[in-house]
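Dear colleague,

Please find below the structure that I am handing over to you, followed by a short account of what was found in it. I would be grateful if you could read the two side by side.

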Amino acid sequence: MTLPPLRIALLCSLGALALAGCGESKTDQNQEQAVIAKVAAPAGKSWSDTVTVTPDGGYLMGNPDAPVKVIEFASLTCSHCADFSEESHEELKRDFIDTGRVSLELRNFIRDPLDASAAAIIRCAPTERYFPLMANVFASQADLFAGAQANPDGGEKAMSLPPAQRFPALAKAWKLDTFFQSRGMTADQVNACLSNLPNIEKLEQSTNAAMETYRISGTPSFIINGQLAEGIAAWGPLRDRLRTMGVR
């Protein structure tokens, strides 16, 4: 699906920044390592129900001190990200996160106005709703696209409005308001969230930071213990890498 680029005067271009080097890991992640011991969750909780917002604006599921830390950069309009969400959902939580050995930090990497709008709305919901809403939107990606495709003229008109009015207008034109109302948010919550331009600015800033720090250029991309996992963009290869690192 082709969507107009982020034409927001207050935000810099997503592609304008020079790229810096990636972080480096002292461990060869391709070399089989010793089995890592499980870490018990706090009494009465499971690690997959433990969600915190990180200083970098991501949402971390699991043991904050897990020995294997995975960061996923994902776009809500990326079909491969939707595939990863569906394929990894139960196994990743059950066999990796709930053992306390792996944490997953999900960061939005925005690619277009539809992505930015949906991501901002999700991030305005309570913290514990972030992962369920992300998974639900990935599973409903066809409906998300259908709403935008049904009214291209309305989307173009919305994009011509001043920045503070643009995203609430896009939500109405692309039926994002009713899309998220059916998922527990009110029309007023959606409008208030998208009227607050810093919500969009933070998303673009974090996307720029990902490109600067880790050379992220596509989604999904994964950082494992500070190192870009090159060539890994699906659950099977990521699962194999985690097992090689001792989560087995």
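I begin with helix α9, in which L197, N199, I200, L203, E204, T207, N208, A210, M211 and Y214 are buried. Please bear in mind throughout that this is a predicted model. Helix α9 covers residues 197-214, 18 residues in total. From the first C-alpha of α9 to the last, the helix reaches 26 Å, which is close to the 26 Å expected at 1.5 Å a residue. Just after α9 comes R215, which takes a positive phi of about 60°.

Helix α9 also takes part in a pocket, but the largest pocket should be described before that one.

The largest pocket holds about 340 Å³ of space. It is lined by 20 residues, and M61, H89, K93, F131 and A135 are the closest to its centre. Three elements, α1 (79-97), β4 (102-108) and α3 (130-139), each supply at least two residues of this lining. The largest share comes from α1, with 7 residues. By character, the lining of the largest pocket divides into 12 nonpolar, 4 polar and 4 charged residues.

The second largest pocket has a volume of about 160 Å³. Its lining consists of 13 residues, of which D56, F73, R107, S206 and A209 are the closest to the centre. Here the elements that give two or more residues are β4 and α9. Helix α9 provides the largest share of the lining of the second largest pocket, namely 6 residues. This lining divides into 4 nonpolar, 6 polar and 3 charged residues. Strand β4 thus appears in both descriptions: it supplies at least two residues to the lining of the largest pocket, and it gives two or more to that of the second largest.

One further residue may be of interest to you. A142 lies in helix α4, which spans residues 141-149. Is A142 buried or exposed? A142 counts as exposed because its relative accessibility is 60%, and the cut-off for that class is over 50%. The C-alpha atoms of A142 and S79 are separated by 9.6 Å, although the two residues are 63 apart along the chain.

For your inspection of the model, I would suggest taking these topics in the order given above.

With kind regards

Conventions: Residues numbered from 1 in each chain as written. Predicted model: local features only at pLDDT ≥ 70, side-chain atom pairs only at ≥ 80, totals over all residues. Heavy atoms only, no water. Helix = DSSP H or I, 4+ residues; strand = E, 2+ residues; numbered from the N terminus. Expected span 1.5 Å × (residues − 1). Buried < 20%, exposed > 50% of the residue type's maximum accessible area, 1.4 Å probe, protein only. 1 Å grid on protein atoms, 1.4 Å probe; cavity = no way out; pocket = protein on both sides within 12 Å on 5 of 7 lines; lining within 4 Å. Points joined across faces, edges and corners; volume = space filled by probe spheres on them. Nonpolar A, V, L, I, M, F, W, Y, C, P; charged D, E, K, R; others polar.
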